[in-house]
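Got the viewer open? Keep the selection tool handy and follow along, one stop at a time.

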Amino acid sequence: MDDAQMAVIMPLIMYGGEAKSSAIEAIQAAKAGDFETADERIKAAGSAIVAAHHGQTDLLTKAANGEDVPVSIYMVHAQDHLMTGIAFFDLAKEIIELYRVIKKD
């Protein structure tokens with residue numbers, strides 16, 4: 001694996017993990033009734049996912065253009081982090097809305 005591949009893979013891992021962490025922080029803030037922080041953290045999670053998608057899109061574009069995009073354990077790990085981050089982000093948005101309803105009363 002060369003440095004160029006790692007330069008794409010590591011941000012996927014980093015931003016995917018950041019998205020998950022921010023989503024969890026958003027849920028915790030909503031649980032505490034701090035919806036301002038919850039909104040800030042869920043926005044941060046969304047930004048991390050967008051950043052990760054840029055790297056993923058670059059890889060997909062290369063593959064679509066016929067370039068060799070080797071799959072390594074690092075690539076699998078990176079995709080796992082991104083997908084987990086996306087799943088947490090999507091669920092966190094729903095959980096935050098549930099807490100808004102619960103805390104309204």
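Start by selecting S22. Is S22 buried or exposed? Its relative accessibility is 2%, and anything under 20% counts as buried, so S22 is buried. Bear in mind that you're looking at a predicted model. S22 is found in helix α1. Now show what S22 touches: leaving out residues up to four places away in sequence, you should find R41, A44 and A45.

**Stop two: α1 beside α2**

Colour α1, residues 3-31, and α2, residues 35-64. Two packed helices are described by the angle between their axes and the distance between the axes. For α1 and α2, the angle is about 160° and the axes are 8 Å apart. Which way do the two run relative to each other? An angle over 145 degrees counts as roughly antiparallel, so α1 and α2 are roughly antiparallel to each other. The crossing where α1 passes α2 is left-handed. Sort the residues of this contact by class and you get 18 nonpolar, four polar and three charged.

**Stop three: α1 beside α3**

Keep α1 coloured and add α3, residues 73-104. Here the axes of α1 and α3 come within 8 Å and cross at roughly 20°. Angles under 35 degrees count as roughly parallel, so that is the word for α1 and α3. α1 passes α3 in a left-handed crossing. What classes of residue make up the contact of α1 with α3? There are 20 nonpolar, seven polar and three charged residues in it.

**Stop four: α2 beside α3**

Now hide α1 and look at the remaining pair. α2 and α3 pack at an angle of about 155°, and their axes are 10 Å apart. These two helices are therefore roughly antiparallel to each other. Their crossing is left-handed. To see the contact itself, select some of the residues that make it: from α2, take F35, A38, I42, I49 and Q56, among others, and from α3, take M75, Q79, F89 and I96, among others. By class, the residues of the contact of α2 with α3 divide into 14 nonpolar, five polar and four charged.

**Stop five: the core**

Bring α1 back. In soluble globular proteins, nonpolar side chains tend to be buried together. In this model, the largest nonpolar core has 26 residues. Which of them touch the most other members? Select L12, A30, I42 and I96 to see them. Each of α1, α2 and α3 supplies at least two residues of this core, and α1 gives the most, with 10 residues.

Zoom in on I42. Setting aside its neighbours within four places in sequence, I42 is in contact with A23, A26, F89, A92, K93 and I96. Show those side chains around I42 before you go on.

**Stop six: A78 and Q56**

Select A78, which lies in helix α3. With a relative accessibility of 0%, A78 counts as buried. Beyond its neighbours within four places in sequence, A78 is in contact with I9, L12 and I13.

Next, pick Q56, over in helix α2. A78 and Q56 are 22 residues apart along the chain, and their C-alpha atoms are separated by 9.5 Å. Is Q56 buried or exposed? Its relative accessible area is 13%, so Q56 is buried. What is Q56 in contact with, leaving aside neighbours within four places in sequence? You should find L12, Q79 and L82.

**Last stop: S47 and L60**

Stay on α2 and select S47, which lies in this helix. The relative accessible area of S47 is 46%, so S47 is partly exposed. Draw a distance line from S47 to M83: these residues are 36 apart along the chain, with their C-alpha atoms separated by 15 Å.

Finish with L60, which also lies in helix α2. Is L60 buried or exposed? Its relative accessibility is 56%, and over 50% counts as exposed, so L60 is exposed. For one more distance line, go from L60 to I13: the two are 47 residues apart along the chain, and their C-alpha atoms are separated by 16 Å.

Note on methods:
Residues are numbered from 1 along each chain as its sequence is written. This is a predicted model: local features need pLDDT of at least 70, side-chain atom pairs count only at pLDDT 80 or more; totals for chains, interfaces and linings use all residues. Side-chain values use heavy atoms; hydrogens and water are left out. A nonpolar core is a set of buried Ala, Val, Leu, Ile, Met, Phe, Trp, Tyr and Cys residues joined through side-chain atoms within 4.5 Å. Buried means under 20% relative accessible area, exposed over 50%, partly exposed in between (1.4 Å probe, protein chains only). Helices (H or I, at least four residues) and strands (E, at least two) are DSSP runs, numbered from the N terminus. Contact means heavy atoms within 4.5 Å. Axes are lines fitted to C-alpha atoms, for helices over the stretch in contact, and angles run from 0 to 180 degrees between N-to-C directions. Angles under 35 degrees count as roughly parallel, over 145 as roughly antiparallel, 65 to 115 as roughly perpendicular and the rest as oblique. A crossing is left-handed if the near helix is turned anticlockwise from the far one by less than a right angle, and right-handed if clockwise. Ala, Val, Leu, Ile, Met, Phe, Trp, Tyr, Cys and Pro count as nonpolar, Asp, Glu, Lys and Arg as charged, and the others, Gly among them, as polar.
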